[in-house]
Amino acid sequence: MATNAPSTTTQQQGGSAANKPGLRKPVFVKVDALKPGTNGHTLVVKVVSANTVLNKKPRNPTFRGPQNQNTKIAECLIGDETGTILFTARNDQVELMKPGNTVILRNAKIDMFKGSMRLAVDKWGLVEITEPAKFVVKEDNNLSLVEYELVNVEES
């Protein structure tokens with residue numbers, strides 16, 4: 001009876017590992033394929049320009065916690081060979097988004113701001129610097145300059 005117990009636990013452990021799904025290969029998309037309201041994008045882009053919008057100090061410096069850190073927000077124009085879009089960099093992302101850098105944006109989402117598209121990476125995504133890309137950024141196709149309007153369609 002004691003010899004059977006270890007073999008059943010090995011089968012259970014092996015069975016749970018076999019049911020675990022594997023990691024998917026990332027599907028890299030181009031900037032011109034981005035649409036409003038979509039998420040989960042992985043892109044390789046170059047940073048064209050970066051403009052710091054907000055650099056706020058904490059209100060209560062004696063309180064420690066994640067709510068009491070410096071808040072930095074920068075708007076960065078990023079792009080690839082198909083077009084450009086504005087990227088909203090927050091806190092630690094601001095230091096990575098220097099003009100001339102080539103970055104990989106993982107799990108990026110499209111936010112709508114005043115009717116135009118902005119790309120953002122939240123806490124579930126990742127911004128990482130990679131080796132310089134060989135493409136030239138197409139700056140005359142800025143997707144953030146296109147205004148979108150929400151239209152309600154009534155069915156009759």
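Let me start with one pairing in the sheet, where Ile78 has Ile85, a residue of S3, as its bridge partner. I should say at once that what we are looking at is a predicted model. That pairing belongs to the contact between strand S2, residues 71-80, and strand S3, residues 83-90, two strands that run antiparallel and are joined by 8 bridges. Between S2 and S3 there are 2 residues, and the two strands form a hairpin.

Staying with S3 for a moment, this strand has a second partner, since 3 bridges join S3 to S5, and here the two strands run parallel. Within that parallel pairing, Phe87 stands opposite Leu119 in S5. S3 is also mostly covered, with 7 of its 8 residues buried.

To place these strands in the whole, the protein has 2 helices and 6 strands, and the order along the sequence is α-β-β-β-α-β-β-β. The protein has 156 residues, of which 29% count as buried. If we take the contacts with a separation of 6 or more, 63% of them are between residues 24 or more positions apart.

Now to S5, from which I have picked two residues. Arg118 is found in this strand, which covers residues 116-120, and despite its charged class Arg118 is buried, because its relative accessible area is 12%, under the 20% cut-off. What does the side chain of Arg118 join in a polar contact of 2.6 Å? The partner is the side chain of Glu75. Once neighbours within four places in sequence are set aside, Arg118 is in contact with Glu75, Leu86, Thr88, Lys109, Ile110, Asp111 and Phe113.

The other residue is Ala120, also placed in strand S5, and Ala120 is buried, with a relative accessible area of 5%. Not counting residues up to four places away in sequence, Ala120 touches Phe87, Thr88, Ala108, Lys109 and Asp111. In sequence Ala120 and Asn39 are 81 residues apart, while their C-alpha atoms are 9.4 Å apart in space.

Arg118 and Glu75 bring me to the second largest pocket, because both appear in its lining, together with Val53, Leu54, Ile73, Thr88, Arg90, Asp111, Met112 and Phe113, each of these having an atom within 4 Å of a pocket point. The space in this pocket is about 170 Å³. Four strands, namely S1, S2, S3 and S4, each supply at least two residues of its lining, and S4 gives the most, with 3 residues. By class, the lining has 5 nonpolar, 1 polar and 4 charged residues.

The largest pocket holds about 290 Å³ of space. Its lining is made up of Arg24, Lys25, Pro26, Val27, Gly40, Thr42, Arg106, Asn107, Trp124, Gly125 and Leu126. Which elements give two or more residues to that lining? They are strand S1, residues 39-56, and strand S4, residues 102-113. Sorted by class, we find 4 nonpolar, 4 polar and 3 charged residues in the lining of the largest pocket.

Two residues of that lining deserve a closer look. Leu126 has its place in strand S6, residues 126-129, and is partly exposed, with a relative accessible area of 42%. Apart from residues up to four places away in sequence, Leu126 touches Ile104, Leu105, Arg106 and Val121. The C-alpha atoms of Leu126 and Ile104 are 8.0 Å apart, with a sequence separation of 22 residues.

The second is Asn107, which is found in strand S4 and counts as partly exposed, at 34% relative accessibility. Its backbone is one to check in the model, as the phi of Asn107 is near 60 degrees, a positive value in a residue other than glycine.Asn91 also has a positive phi without being glycine, with a value near 50 degrees. Asn91 lies in the loop between S3 and helix H2, residues 92-96, and is partly exposed, with a relative accessible area of 34%.

Technical notes: Residues numbered from 1 in each chain as written. Predicted model: local features only at pLDDT ≥ 70, side-chain atom pairs only at ≥ 80, totals over all residues. Heavy atoms only, no water. 1 Å grid on protein atoms, 1.4 Å probe; cavity = no way out; pocket = protein on both sides within 12 Å on 5 of 7 lines; lining within 4 Å. Points joined across faces, edges and corners; volume = space filled by probe spheres on them. Buried < 20%, exposed > 50% of the residue type's maximum accessible area, 1.4 Å probe, protein only. Polar contact = N/O pair within 3.5 Å; in protein donor to acceptor, adjacent residues only side chain to side chain. Contact = heavy atoms within 4.5 Å. Pairing = 2+ DSSP bridges.
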